[in-house]
Amino acid sequence: MEIIGIGTDLVEVERIKAFAQKSGALKRIFSTEEINYCQARKNQYEHLAVRFAAKEAVFKALPFEGVAFKNITVINLESGRPQVVVKDVRANGLNILISLSHTRHYAIAQVIVTK
Ligand SMILES: CC(C)(COP(=O)(O)OP(=O)(O)OC[C@H]1O[C@@H](n2cnc3c(N)ncnc32)[C@H](O)[C@@H]1OP(=O)(O)O)[C@@H](O)C(=O)NCCC(=O)NCCS
């Protein structure tokens with residue numbers, strides 16, 4: 001196993017809250033599953049913010065350019081553990097490891113890509 005990329009991103013929850021309140025904004029960046037997951041939780045903006053951080057961190061860690069944020073999604077296993085799905089053939093064969101954390105004000109994502 002070889003580490004081929006790392007990425008990290010820190011997001012202010014308030015920034016995502018302002019973004020989310022613009023008409024149609026969420027659907028441009030987040031999948032329906034991501035939106036549903038976040039909106040079912042007490043502070044949806046923390047969960048949206050951490051997913052935005054996840055997309056940016058994955059973007060930084062991937063060894064190629066130009067993947068659309070909508071094609072980088074986070075799903076949660078039954079345990080709550082997050083997993084990344086990248087819909088881009090160039091990501092085939094890559095393992096993308098992610099860890100997320102959020103508070104009322106900040107959300108952070110850390111990513112390691114291996115193959
Ligand atoms: C899972 C746990 C580590 C999350 O830590 P936290 O400080 O509460 O919250 P953080 O903001 O740091 O992390 C939240 C993120 O951790 C991730 N996460 C949740 N469960 C996880 C798990 N089992 N493994 C790895 N990551 C996990 C998720 O991405 C979550 O964000 P999301 O819901 O928006 O996707 C914490 O709840 C814990 O210690 N759980 C174990 C014990 C426990 O509470 N069990 C519950 C049943 S009794």
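Two residues are said to be in contact when heavy atoms of each lie within 4.5 Å. With that in hand, the surroundings of a single residue can be explored in this predicted model. Glu34 is a good place to start. This residue lies in helix α3, which covers residues 32-39. Leaving aside neighbours within four places in sequence, E34 is in contact with I29, R51, K55, I72, T73 and V74. Is E34 buried or exposed? Its relative accessibility is 0%, and because buried means under 20% relative accessible area, E34 counts as buried.

One of the contacts of E34 is K55, and these two residues also form a salt bridge, with the closest N and O atoms 2.9 Å apart. K55 belongs to helix α4 and E34 to helix α3, so the bridge ties together parts of the chain that are 21 residues apart in sequence. K55, too, has a relative accessibility of 0% and therefore counts as buried.

How many salt bridges does the structure hold? There are three. Another of them joins the side chains of D9 and K60, at 3.0 Å from N to O. Here distant parts of the chain are linked, since D9 sits in strand β1 and K60 in helix α4, 51 residues apart. The two partners can be described by their accessibility as well: D9 is buried, with a relative accessible area of 9%, whereas K60 is partly exposed, at 48%. A salt bridge is also found between the side chains of R90 and D88, again with an N to O distance of 3.0 Å. R90 is partly exposed, with a relative accessible area of 41%, while D88, at 17% relative accessibility, counts as buried.

Attention now turns to the nonpolar interior. In soluble globular proteins, nonpolar side chains tend to be buried together. In this model, the largest nonpolar core has 36 residues, and those touching the most other members are L48, V58, L62, V86, I96 and V111. Two or more residues are given to this core by each of α1, α2, α3, α4, β2 (72-76), β3 (82-86), β4 (95-102) and β5. Which element provides the largest share of the core? That element is α4, with 10 residues. For a closer look, L48 can be followed outward: leaving aside neighbours within four places in sequence, L48 is in contact with I16, A20, L26, F30 and C38.

Two of the residues just named, I16 and A20, lead to helix α1 (residues 13-20), where the buried residues are V13, I16, F19 and A20. Viewed down the axis of α1, these buried residues fall within an arc of 120°, so they line one face of the helix. The spacing is easy to picture, because an α-helix has 3.6 residues a turn, so residues three or four places apart point the same way. What covers the buried residues of α1? The cover includes β1 (3-12), α2 (25-29), α4 (44-61) and β5.

Nonpolar residues also appear at the surface. M1, I3, I6, L97 and I112 make a nonpolar surface patch of about 570 Å². One member of the patch, I112, is found in strand β5, which spans residues 106-114. With 34% relative accessibility, I112 counts as partly exposed. Strand β5 thus appears in several parts of this picture: β5 holds I112 of the surface patch, helps to cover the buried residues of α1, and gives two or more residues to the largest nonpolar core.

Terms used
Residues are numbered from 1 along each chain as its sequence is written. This is a predicted model: local features need pLDDT of at least 70, side-chain atom pairs count only at pLDDT 80 or more; totals for chains, interfaces and linings use all residues. Side-chain values use heavy atoms; hydrogens and water are left out. Patches are made of residues with over 30% relative accessible area and no salt bridge: like charges are joined within 9 Å, nonpolar side chains (Val, Leu, Ile, Met, Phe, Trp, Tyr) within 5 Å. Accessible areas come from the Shrake-Rupley method with a 1.4 Å probe; for residues, only the protein chains shown count as cover. A salt bridge is a side-chain nitrogen of Lys or Arg within 4 Å of a carboxyl oxygen of Asp or Glu. Helices (H or I, at least four residues) and strands (E, at least two) are DSSP runs, numbered from the N terminus. Buried means under 20% relative accessible area, exposed over 50%, partly exposed in between (1.4 Å probe, protein chains only). The arc is that of the directions from the helix axis to the C-beta atoms. A nonpolar core is a set of buried Ala, Val, Leu, Ile, Met, Phe, Trp, Tyr and Cys residues joined through side-chain atoms within 4.5 Å.
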